[in-house]
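Reader: I'm new to this one and would like a close look at a single part. Could you pick one sheet and walk me through it, along with whatever surrounds it?

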Amino acid sequence: MKLRLGLGILAAGGLLAQAQVDTQALMGAQQDNESWLMYGRNYSSWRHSPLDEINTENVNRIVPAWIFQSNQNGKLQTTPLVRDGVMYVTGPSNHAWALDLKTGRELWQYSEPVPEDLAVCCGKPNRGFAMRGERLYKVNVQATLVALDAKTGDVIWEVAAADYRKGYSNTVAPLIVKDMVIIGIAGAEFGTRDFIDAYDAETGERVWRFWTVPGPGEPGNETWGGDSWKRGGASTWITGSYDADLNLIYWGTGNPGPDLDGAPRPGDNLYSDSMLALDADTGERRWHFQFTPHDVHDWDAVADPVLVDMEVEGTFRKALVQANRNGHFYALDRSTGEFLFARAYTEVNWADGIGPDGRPILIPGREPTDEGTLTCPGMGGGHNWHATTYSPQTGFYYFNSGDGCQIYHGATQDFVEGEYYLGSAMENVTGEPREGSILAVDPSTGDRQWRFALVSPPSSGLLSTGGGLLFAGTMEGYFLALDAASGKPLWRLQTGGPVRAPAITYMFDGRQHIATAAGTSIFVFALPR
Amino acid sequence: MRWGVLPLVPALVSVAYGQELESSPFHADPASIGVGKASFRLRCSACHGIHAEGGRGPALNRGEFEAGETDLDIYRVIARGVPGTEMPAFGQRSTEENIWRIVSFLRTFEASADDIVEGDPARGEDIFWNRGGCGGCHRVGQRGGVFGPSLTRIGRSRSVAHLRESLLNPGGDLPPDYYVVRVVTRQGKTVRGIGLGFDDFSAQLMDAAGKFRSFLREEVQAIEREFVSLMPDTYGETLAEDEQRDLIAYMQTLRGEGGQR
């Protein structure tokens, strides 16, 4: 049973002249100050808006414009989309809403029941819509992709990407490339074999699939001992980026399965913990770079692939940067996949740096054992999935980090379909709680510019603006504006619930607005009139 | 309900389908016990300890269980939870057969001689409330202080070894939510107490007088968290060994029963 209650777009202040969100609009998303059209704001995943009405001088005067209470439990991790006076928000457990940008009232709502026998590792959040034409696209947690009518919330089509009964699930925000909807998948904690899919935006038919764990006869299959590739994981649960000039889609992959026990899967385990560059039209692999070969610490490489053109050691590069969960910041040449450099940004005790070939220089004895091995960073990383931002204004790249160590316990377990396949678990170090940081680095060197310390591992993503601001949130419920140049806190609001999402910004009604999810609500701020 | 790949016990599983078993079908299946161990570590170890030694939840490596002694008793506790406690129901989060695997894993533990203490609970109770001064900070039922953790049900949740360690080395295994907040005011005065809140801009604590205090970072010199126990670490010297045994024997009787609830 699906629930769709619509008031229609007529309610949105008479904003009937909805412009088509076509390829041209998406390519120009960075210049469209009235909208927020895709997960990472632009195809380079910058999450930077040039808007500067709210700036370092006046941010301490912003006030709520409205607050929308979703009345849904669970983690609200969405990046809202904004178009023509409407905000489109996805929530946990297959909920979604269209909100009037002026008042925050609901224009329609969508929900679909979650199967009772669905197995998920980490809750049932959803990270946002994609938009094309007059349609919205989102994944449902039972591994389906659904297309909605943006005016009404009516379902146009829904297709299953995978069988959730085998351990698959989905939380990713789709990415529109040309006339396709690109999605990843989750499930590596249950021994799934994962992929990246492209679907025809009109019909929902699958255009191509790239298996992130290659099958027999495919390059890379030889990096999996025996038949371990069948349960190899390599989930793709965070949205990638797209370079139209190179016609390449960049998408990060997660851990091999089982997470903490490498014995059943001898070899490098390609393409787990990797960055993939796929031909946008065919899904064929153009290059890959594996950050953590034969990972036994669950160090996914799914974090935002951020595309930056910059000089590295005197040479111009079309680069891709990522703050990897394994504790290192990486820069790659996005044309070729060439490794440029890596720098540790938090305490790392499992590797003595990254070699010139891009492979970690392993320190022996850091593998999980039955009795436990103290390893840094802890299982969540380093930088996990939370959205990052690149500001062309400051030239800095911003991301957050979990800091501290954990004890990794490994144990061999048989695979049982639909059950956890982690190969044991980790525990905290008594008296040493994990903490966190918000970091600014020079992306061309990895040099740290500043650090804002957090008492807990980070929970939210980031937004940078032309007003010289960096917006962030905390697990304890603060929504913050920092000076993007220095990291100095300029404004804060206690929202009453953990901030688990990145903020967005847009112009509406002649004013710049800042919006973020916090707790189970959407908060929208602007300067007073 | 899902039935996966169970190569070693297919007959048992087919019999079990659709009905509640009386005992786990996996006791003789090392592979399933391994899966149970992995599931335990993932779902249960945060409270019950990575080796089932206990922590926020009861020790489960003692070969005995509060909820009953049969496999079905243990199964029901996992599936349904324990109302009124922090133990949630896992019946909606795990398949029936995987709960049975966890039961089989827990059945691999045997009662330990280390878990038997010979002491006089009555004498221990006297030490607790008088010479030991324990009741000044710890509560049992409606009696005692609130500065330290309540011990009303401590006998249910801690092994003898854990109780002994907590008595002699209180900082050795702090409860997860117990930490100390230390504040230095602008006047240079230090305030120290049990942390009740700690974020990037403020902290709250209960001082030694039991008073709630709240501070903004920008209004003081320093706010720090310390992961130490404020309980004296001198009981190994001030109590004779037989007195220590008596005290532990008393704490073993504290099970939230009768007037202690």
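Author: Here is a tour of one sheet in chain A, followed by the contact with chain B and a few side stops.

First, a word on trust. This is a predicted model, and chain A comes with an average pLDDT of 95, with 96% of its residues scoring at least 70. A weak patch sits at residues 6-17 of chain A, where the pLDDT is below 50, although that stretch still has 23 contacts in the model beyond near neighbours in sequence.

Now the sheet itself. Four strands of chain A make up an open sheet, in the order S27-S28-S31-S32, and the pairing is antiparallel. The edges belong to S27 (389-390) and S32 (448-454) of chain A: each has a single partner strand, so one side of each is left without a neighbour in the sheet.

Let's move to the middle. S28 of chain A covers residues 397-403 and S31 of chain A covers 435-441; the two run antiparallel and are joined by seven bridges. On the other side, S31(A) pairs with S32(A) over six bridges, again in the antiparallel sense. A nice residue to click on is Leu439(A), the bridge partner in S31(A) of Phe399(A). Looking across to S32(A), you'll find that Leu439(A) has Arg451(A) as its bridge partner. As you trace a strand, keep in mind that side chains in a regular strand alternate between the two faces of the sheet.

How do you get from S31(A) to S32(A)? The two form a hairpin with six residues between them, and in the turn Gly446(A) has a positive phi of about 80 degrees.

Next comes the neighbour, chain B. In the model, 33 residues of chain A are in contact with 31 residues of chain B. About 2700 Å² is buried between these two chains, with carbon and sulfur atoms giving 55% of that area. Three residues stand out here: Glu419(A), Val455(A) and Arg492(A) supply 21% of what chain A buries against chain B, more than any other three residues.

There are charged and polar links too. The interface of chain A and chain B has four salt bridges. Take Glu435(A), which forms a salt bridge with Arg225(B), where the closest N and O atoms are 3.4 Å apart. Glu435(A) lies within the residue range of S31, 435-441. Also across this interface are nine residue pairs in polar contact. As for elements on the chain A side that touch chain B, those giving two or more residues are strands S29 (406-410), S30 (424-428), S32 and S35 (478-483). That list includes S32, one of the edge strands we met earlier.

What about chain B as a whole? Its average pLDDT is 83, and 87% of its residues score at least 70. Be careful at the start, since residues 1-19 of chain B stay under 50. Among the elements of chain B, helix H1 (residues 10-16) has the lowest mean pLDDT, 35, while strand S6 (residues 212-216) has the highest, 97. The domain assignment gives chain B domain 1 (10-111), domain 2 (115-172 + 232-260) and domain 3 (180-226). Between the centres of domain 2 and domain 3 of chain B, taken over C-alpha atoms, there are 29 Å.

One last stop is Asn55(A), in the loop between strands S2 (48-49) and S3 (63-69) of chain A. Its side chain reaches the backbone nitrogen of Glu57(A) at 2.9 Å. Further along the sequence, Asn55(A) touches Gly467(A) and Leu469(A).

Terms used
Residues numbered from 1 in each chain as written. Chains lettered and ligands numbered in written order. Heavy atoms only, no water. pLDDT = per-residue confidence, 0-100. Contact = heavy atoms within 4.5 Å. Pairing = 2+ DSSP bridges. Domains from an automatic or database assignment. Buried area = accessible area lost by both parts, 1.4 Å probe. Salt bridge = Lys/Arg side-chain N within 4 Å of Asp/Glu carboxyl O. Polar contact = N/O pair within 3.5 Å; in protein donor to acceptor, adjacent residues only side chain to side chain. Lists of a residue's contacts leave out its neighbours within four places in sequence.
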